[in-house]
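Visitor: Could you take me through one part of this model in close detail, and then set that part in its wider surroundings? I would like a connected account rather than a list.

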Amino acid sequence: MSEKKIGFIGAGNMATAIINGILREKIKSPSLINVFDKDAEKLALMKLKGVSCFDSGYDLAAASDIVVLAVKPQNYDEVLSEISAAAAEDKVFVTIAAGISIDYVRSGLGKACPMVRVMPNTPLLLGKGATALCRSDNISDEDFEEVRMMFALSGEAVVLPESQMNAIIAVNGSSPAYIYLFAKAMVDYAVSVGIDGDTALKLVCKTFEGSAEMLRSSGDTPEVLIDKVCSKGGTTIEAMNVLRDKKVPETIAEAMAACTRRAEELGR
């Protein structure tokens with residue numbers, strides 16, 4: 001990575017995960033990472049990492065080449081107003097909040113700054129994230145790659161057009177919750193037939209891990225992998241028949257469409 005300074009406004013879980021990835025891989029020294037948060041306790045934890053901490057969002061933005069807006073969507077207006085005077089058209093801004101568009105941030109800053117819009121998910125905290133990114137037309141390849149790498153250090157990072165950034169929330173941003181719901185249903189069933197819940201959860205988690213690796217590495221499509229598990233006249237096909245009769249695939253698609261509609265409603 002370059003010697004550019006990366007600043008984070010907000011020191012919550014997502015910012016912490018990104019910073020930890022940068023420091024873990026030693027691709028930037030702590031002195032090149034700037035952080036501001038209104039929470040003094042969060043800043044104190046950041047100081048222990050050796051990064052530079054600031055007293056205001058304005059001061060951080062003024063001292064940083066790349067500014068990551070790691071705050072909740074409802075706080076964007078306040079933050080953009082505070083830092084607008086520090087914005088410059090060669091300073092890169094990154095938004096990681098659902099529904100916050102490139103144009104919205106530029107409007108709040110009052111300048112057509114180079115931008116990256118990012119949709120990460122919570123497994124980023126474990127270095128297993130799935131992140132989608134889009135870029136403004138005026139960001140350099142070097143700067144965009146630097147931002148992309150920040151997220152790629154903690155998982156998979158893919159590039160999309162901004163027109164797909166609301167829809168992708170249903171695919172990677174919100175989807176961990178779908179997995180947890182499925183896992184809960186499996187564990188609840190196990191408990192109902194007398195199997196220890198902790199034991200069931202261990203098996204379910206490992207099954208999810210292994211199934212994901214099969215999807216990634218086997219070269220087979222999901223349909224082919226389903227067929228390989230479903231022996232004719234066996235147990236799995238009976239379970240799959242119930243899931244299909246209950247229209248589970250259609251229900252999942254309906255749920256994802258609802259997620260996208262809500263993202264469009266909240267979009268700015």
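**A close look at Phe93**

Guide: Phe93 is found in strand S5, and in this predicted model the residue is buried, because its relative accessible area is 0%. Leaving aside neighbours within four places in sequence, Phe93 is in contact with Val67, Ile83, Ala87, Leu109, Cys113, Pro114, Met115 and Val116. One of these, Val67, stands opposite Phe93 in S5, and that placement belongs to the pairing of strand S4 (residues 66-69) with strand S5 (residues 92-95), which run parallel and are joined by four bridges. Helix H5 (residues 102-109) packs on the sheet, where the helix touches S4, S5, strand S6 (115-119) and strand S7 (129-135), and the direction of H5 makes about 130° with that of S6. A further distance can be given for this region: the C-alpha atoms of Phe93 and Val105, which are 12 residues apart along the chain, are separated by 8.4 Å.

The sheet itself is open and has eight strands in the order S3-S2-S1-S4-S5-S6-S7-S8, with mixed pairing. Strand S3 (52-53) and strand S8 (155-159) stand at the edges, and each has a single partner strand, so one side of each is left without a neighbour in the sheet.

Strand S6 also brings in a charged pair, since the side chains of Glu162 and Arg117 meet in a salt bridge at 3.0 Å, N to O. This pair links distant parts of the chain, with Glu162 in the loop between S8 and helix H7 (168-173) and Arg117 in strand S6, 45 residues apart. The two partners differ in their cover: Arg117 is buried, with a relative accessible area of 5%, whereas Glu162, at 29%, counts as partly exposed.

Another salt bridge joins Lys28 to Glu146, with the closest N and O atoms 2.8 Å apart. Lys28 lies in the loop between helix H1 (13-24) and strand S2 (33-36), while Glu146 lies in helix H6 (residues 141-152), so the pair ties together parts that are 118 residues apart in sequence. Here Lys28 counts as buried at 5% relative accessibility, and Glu146 is buried as well, with a relative accessible area of 4%.

A pair within one helix makes a useful contrast: Arg262 forms a salt bridge with Glu265, the closest N and O atoms being 3.0 Å apart. Because Arg262 and Glu265 are three residues apart in helix H12 (residues 248-266), about one helical turn separates them. Arg262 is partly exposed, with a relative accessible area of 46%, and Glu265 counts as exposed at 55% relative accessibility. In total, the count comes to 12 salt bridges.

On the surface, Tyr189, Val193 and Ile195 make a nonpolar patch of about 310 Å². Of these residues, Ile195 is found in the loop between helix H8 (175-192) and helix H9 (197-217), and Ile195 counts as partly exposed at 41% relative accessibility.

To set these details in the whole protein, the secondary structure comes to 12 helices and eight strands, and the C-alpha trace spans about 70 × 40 × 30 Å along its principal axes. Buried residues, Phe93 among them, make up 40% of the 268 residues. Of the contacts with a separation of 6 or more, 64% are between residues 24 or more positions apart. The accessible surface comes to about 14,700 Å², of which 57% belongs to carbon and sulfur atoms.

Methods:
Residues are numbered from 1 along each chain as its sequence is written. This is a predicted model: local features need pLDDT of at least 70, side-chain atom pairs count only at pLDDT 80 or more; totals for chains, interfaces and linings use all residues. Side-chain values use heavy atoms; hydrogens and water are left out. Patches are made of residues with over 30% relative accessible area and no salt bridge: like charges are joined within 9 Å, nonpolar side chains (Val, Leu, Ile, Met, Phe, Trp, Tyr) within 5 Å. Accessible areas come from the Shrake-Rupley method with a 1.4 Å probe; for residues, only the protein chains shown count as cover. A salt bridge is a side-chain nitrogen of Lys or Arg within 4 Å of a carboxyl oxygen of Asp or Glu. Helices (H or I, at least four residues) and strands (E, at least two) are DSSP runs, numbered from the N terminus. Buried means under 20% relative accessible area, exposed over 50%, partly exposed in between (1.4 Å probe, protein chains only). Two strands pair if DSSP finds at least two bridges between them. Contact means heavy atoms within 4.5 Å. Axes are lines fitted to C-alpha atoms, for helices over the stretch in contact, and angles run from 0 to 180 degrees between N-to-C directions.
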